[in-house]
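Reader: Please take one part of this model and go through it closely, then set it against the rest of the chain. Plain wording will do, with cut-offs where a term has them.

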Amino acid sequence: MKLVRTFGAALVALALAAPVAKAQQTIDLTIGASHPATLPWIQLLQQWYQPEVNKRLAAAGNRYRINWREGYGGVLYKANATLTSVGEGIADVGWVFGALEGARLPLQQVSNYAPAVTGDPRLMIDVFNELNDKLPQLQSEWEKANVVFLAATAADTLHLFMKAPVRTFAELKGRKIGAGGTIATLVSGAGAVPVDSPFPSMYNDIKTGVTEGSLTIATGAIGIRAYEVAPYITLADMGSFSSGAIVANRDTWNKLPAEVRTVMAETAREYSKRLGEEPMARYDGALKAMVERGKAQTPPVTLIEFPESERAKWIQGLPNLAGDWVKANEARGLKAKEVLSAYMDAMRARGVKPVRNWDR
């Protein structure tokens with residue numbers, strides 16, 4: 001009997017000495033975007049980034065799990081309020097449409113004012129992640145907006161989606177062409193009339209005659225069926241550009257456990273890398289799919305090769321966009337010249353040979 005009592009006491013002591021398993025903590029975070037999940041960069045955010053963060057948190061010890069509350073497709077904020085909405089905490093994590101944030105993110109616009117440098121979004125993303133990591137003048141823009149930069153986003157090269165064919169640079173003059181944010185500089189520089197027409201309104205803008213077409217990306221155009229109303233696709237190759245970034249509200253970020261912040265940040269960079277690769281994989285397929293789907297419509301979808309000589313005319317014929325951008329921002333006390341030099345040097349270091357060296 002004494003032996004039983006002694007054995008029982010030992011079991012109780014062992015149980016009390018054993019470490020107590022901690023319950024998993026669920027963290028509610030709202031994630032949003034002004035654009036719908038049919039577009040590649042939002043789709044990847046929803047279908048890969050969100051579950052991947054939880055997968056990595058589970059692998060790291062299963063102490064935390066994110067309960068993602070989604071607000072995509074403009075449910076929480078529209079295209080003209082992406083930065084302020086995350087900064088004010090309407091969303092804890094979100095995609096910022098950088099091209100529409102020229103006033104609040106002036107130095108982040110360098111790829112729009114030094115355009116057509118590369119058509120490869122992988123290079124664009126890699127360069128912008130590097131620049132945002134090392135340049136204090138870029139970092140301060142995010143800090144002023146009360147957000148934390150997680151990863152850059154970019155898209156495939158810009159082409160013309162038009163109601164009527166465009167085969168030469170001269171044919172652009174006077175046309176009303178949709179262009180989101182600072183992409184409008186490419187349109188106005190070609191003698192055309194830029195109209196603010198982001199993806200959510202692009203289809204209807206073309207259909208109703210607000211615009212005659214748009215300077216946009218193939219992987220986005222297929223998602224909104226732009227080819228139905230703009231069947232003439234001129235392969236202008238006016239370059240990839242920094243479209244924005246995935247950011248987190250700074251107040252929310254600072255309250256998160258260090259382990260969660262690390263996983264979210266590392267996963268965001270992997271998201272960024274995948275996003276760069278995905279448009280390249282989807283690009284040819286998107287063009288072929290639009291031609292195939294548009295065979296039966298009137299007029300059918302037609303791909304128009306834009307001669308390299310006409311493309312060079314467009315690029316070389318643009319005003320000194322980068323020089324004017326530098327002057328305007330330097331007058332405000334911003335180190336735009338350093339940002340431009342760093343951007344062009346980073347591209348050339350990756351083997352890019354621009355048609356126009358905007359910093360020289």
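**The loop after α11, and its surroundings**

Author: P299 is placed in the loop between α11 and β11 (302–305). Helices (H or I, at least four residues) and strands (E, at least two) are DSSP runs, numbered from the N terminus. The model is a predicted one, in which local features need pLDDT of at least 70 and side-chain atom pairs count only at pLDDT 80 or more, while totals for chains, interfaces and linings use all residues. Residues are numbered from 1 along each chain as its sequence is written, and side-chain values use heavy atoms, with hydrogens and water left out.

The peptide bond between T298 and P299 is cis, with omega at about -5°.

On one side of this loop is α11, which spans residues 258–293. The largest nonpolar core holds 120 residues, and Y49, M264, M290, W314, Y343 and W358 have the most contacts inside it. Such a core is a set of buried Ala, Val, Leu, Ile, Met, Phe, Trp, Tyr and Cys residues joined through side-chain atoms within 4.5 Å. Buried means under 20% relative accessible area, exposed means over 50%, and partly exposed is in between (1.4 Å probe, protein chains only). With ten residues, α11 gives the most to this core. In soluble globular proteins, nonpolar side chains tend to be buried together. Setting aside neighbours within four places in sequence, M264 is in contact (heavy atoms within 4.5 Å) with L29, Y49, V53, W68, V93, W253 and L256.

Helix α12 covers residues 308–317, and E308 belongs to it. E308 counts as partly exposed because its relative accessibility is 47%. The side chain of E308 is joined to that of R311 by a polar contact of 3.1 Å. A polar contact is a pair of N or O atoms within 3.5 Å; within protein, one must be able to donate a hydrogen and the other to accept it, and residues adjacent in sequence count only if both atoms are side-chain atoms. From C-alpha to C-alpha, E308 is 29 Å from A152, and the two are 156 residues apart in sequence.

Which residues of α12 are buried? They are E310, R311, W314 and I315. They line one face of α12 because, seen down its axis, they fall within an arc of 135°; the arc is that of the directions from the helix axis to the C-beta atoms. An α-helix has 3.6 residues a turn, so residues three or four places apart point the same way. The cover over the buried residues of α12 includes β5 (158–162), α7 (184–189) and β8 (213–217). W314 also appears among the residues with the most contacts inside the largest nonpolar core.

Further along the chain, α13 (residues 321–330) packs with α14 (residues 336–349) at an angle of about 145°, and their axes are 8 Å apart. Axes are lines fitted to C-alpha atoms, for helices over the stretch in contact, and angles run from 0 to 180 degrees between N-to-C directions. From α13, the residues A322, W325, V326, N329 and E330 meet A336, K337, V339 and L340 of α14. By class, this contact has six nonpolar, one polar and two charged residues. Here Ala, Val, Leu, Ile, Met, Phe, Trp, Tyr, Cys and Pro count as nonpolar, Asp, Glu, Lys and Arg as charged, and the others, Gly among them, as polar.

Two other loops can be set beside the one that holds P299. A116 lies in the loop between α4 (110–113) and α5 (121–134). A116 is not a glycine, yet has a positive phi of about 60°. A relative accessible area of 6% makes A116 buried. S34, in the loop between β1 (25–32) and α2 (40–59), counts as buried at 5% relative accessibility. The side chains of S34 and H35 make a polar contact of 2.8 Å.

For the whole protein, there are 14 helices and eleven strands. Of its 360 residues, 54% are buried. Among contacts with a separation of 6 or more, 76% come from residues 24 or more positions apart. Along the principal axes, the C-alpha atoms fill a box of roughly 105 × 55 × 35 Å.
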